[in-house]
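Student: I have a structure open in my viewer and would like to talk it through. Could you help me reason about it?

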Amino acid sequence: MVLSQEQAAFLVRQRVARLATADGAGRPHAVPVCFAMVRASIYIALDEKPKDVPVSRLKRVRNILENPPVALIADRYAEDWNLLAFVMVRGRAELLEPNSEEHTAAVRLLRGKYHQYEAMRIEENPVVALRPEKAASWGALDEPESPEPPILDTIHGRRSVRRYLPKEVTEELVERVLEAARWAPSPHGRQPWRFALLRREETKERLADAMGEEWRANLEMDGQSKEIVEKRLESSRRRLQDAPVLVLICLYLEDLDVYPDAGRQRGERTMAVQSLGAAAQNALLAAYDLGLDAGWMCAPLFCPERVVEALGLDPKLVPHALLTLGYAEGDPPKRRNRKALDVLVVYRD
Ligand SMILES: Cc1cc2nc3c(=O)[nH]c(=O)nc-3n(C[C@H](O)[C@H](O)[C@H](O)COP(=O)(O)O)c2cc1C
């Protein structure tokens, strides 16, 4: 056996791999592939997913015919780098023509692994058979595939984004982000928050103007130079304008319990604010999971009345947080650090 048991077990669990081929002149080519494996062979269907050339003209097929040596690599990425792993197999590839015994068995195997192939006529096309000659691997091959709940991967992967591409965000995605916010925990289940959605340029501009005035006054009060004030205001305004969608999260206290004493009333309000944070975090995580990026701006908290006035909102709403949504222009420049749990957990018994 070319592959160790550990390597074979890892490969069998993977849903996707990359197949590298080269033409007669050695020019490389790589594509992601679905594959199935049995004993000494790895099979790859030439399926009817939309492609602009017949299977016989596919670059990988031509390369295999010209130059049978190929490599296939499957890997696992996780935010916890102790879990990284890959297996690379090198060998020769050949094309199995339809109706041979091995072709039939390979098609059955591929359909067993990917139900999507049931509805595709893969039996009419050749199947690529890779005969492994060498294998190499690295990392934590033996770890279970989902040692972390997927939510932890989302939590680790999410980051605050402050610059966006001018790419539109669909209504459907925004609704799904809000749906996640809707399910946040809240005191007595009262959901003491409301959302305002801002997309139009003029609306975003009105909000930026309103918040800008307050911020200008605050910065001047802090004794910042005129130049710095203008620079910071401009960058904040650009952030609002560049983000395709803004979600303003407001506190809404009308449904909460009323107490005769100030202490309990304060507690009630604090719970509402805590819950608003949970709704915001639900939204940020859902956005990240949906392939969007998001950021959090606290500016409305410092001028809630101005924001209510600028947008014509119900005066019972208290604007607290502004979430920006869109597609990141690039990776954020700042590296995030977190305090260690040893620091954060101050008591264990
Ligand atoms: C209540 C709150 C207010 C925030 N306000 C701002 C803000 O006004 N501007 C900003 O750039 N980031 C703001 N952030 C984002 C934090 O700076 C960011 O979460 C932190 O630096 C950690 O980075 P990460 O979110 O990428 O993990 C805020 C976050 C929270 C929770």
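Student: How many disulfides does the structure hold?
Tutor: Keep in mind that this is a predicted model. A disulfide needs two cysteine sulfur atoms within 2.5 Å. For Cys298, the nearest cysteine sulfur belongs to Cys303 and is 9.8 Å away. The number of disulfides in the structure is zero.

Student: Why is Cys303 not in a bond with Cys298?
Tutor: Look at the spacing of the sulfurs, because a disulfide pair must lie within 2.5 Å. The cysteine sulfur closest to that of Cys303 is in Cys298, and it is too far for a bond, at 9.8 Å.

Student: Is Cys303 buried or exposed?
Tutor: Buried means under 20% relative accessible area. Cys303 has 4% relative accessibility, so it counts as buried.

Student: And what does Cys298 count as, at its relative accessibility?
Tutor: The class between buried and exposed runs from 20% to 50%. Cys298 has 44% relative accessibility, so it counts as partly exposed.

Student: Let's move to the inside. Which strand gives the most to the largest nonpolar core?
Tutor: This core has 40 residues, and Leu11, Leu19, Ile42, Leu72 and Leu110 have the most contacts inside it. Ile42 touches residues including Leu11, Phe35, Leu72, Val89 and Val128. With five residues, the strand that gives the most to this core is β6, residues 85–96.

Student: How many residues does the second, separate core have?
Tutor: Among its members are Leu173, Val177, Ala181 and Ala279. The second core has 26 residues.

Student: At what angle do helix α5 and helix α8 pack?
Tutor: Helix α5 covers residues 171–182 and helix α8 covers residues 262–289. Their axes are 7 Å apart, and the packing angle is about 140 degrees.

Student: In which crossing does α5 pass α8, right-handed or left-handed?
Tutor: The contact is made by Arg176, Val177, Ala180 and Ala181 of α5 with Ala279, Asn282, Ala283, Ala286 and Ala287 of α8. By class, seven of these residues are nonpolar, one is polar and one is charged. The crossing is right-handed.

Student: How far apart in space are Ile228 and Ala20?
Tutor: Ile228 sits in helix α7, residues 226–242. At 36% relative accessibility, Ile228 counts as partly exposed. Ile228 and Ala20 are 208 residues apart in sequence, and from C-alpha to C-alpha their separation in space is 53 Å.

Conventions: Residues are numbered from 1 along each chain as its sequence is written. This is a predicted model: local features need pLDDT of at least 70, side-chain atom pairs count only at pLDDT 80 or more; totals for chains, interfaces and linings use all residues. Side-chain values use heavy atoms; hydrogens and water are left out. Axes are lines fitted to C-alpha atoms, for helices over the stretch in contact, and angles run from 0 to 180 degrees between N-to-C directions. Helices (H or I, at least four residues) and strands (E, at least two) are DSSP runs, numbered from the N terminus. A crossing is left-handed if the near helix is turned anticlockwise from the far one by less than a right angle, and right-handed if clockwise. Contact means heavy atoms within 4.5 Å. Ala, Val, Leu, Ile, Met, Phe, Trp, Tyr, Cys and Pro count as nonpolar, Asp, Glu, Lys and Arg as charged, and the others, Gly among them, as polar. A nonpolar core is a set of buried Ala, Val, Leu, Ile, Met, Phe, Trp, Tyr and Cys residues joined through side-chain atoms within 4.5 Å. Buried means under 20% relative accessible area, exposed over 50%, partly exposed in between (1.4 Å probe, protein chains only). Lists of a residue's contacts leave out its neighbours within four places in sequence.
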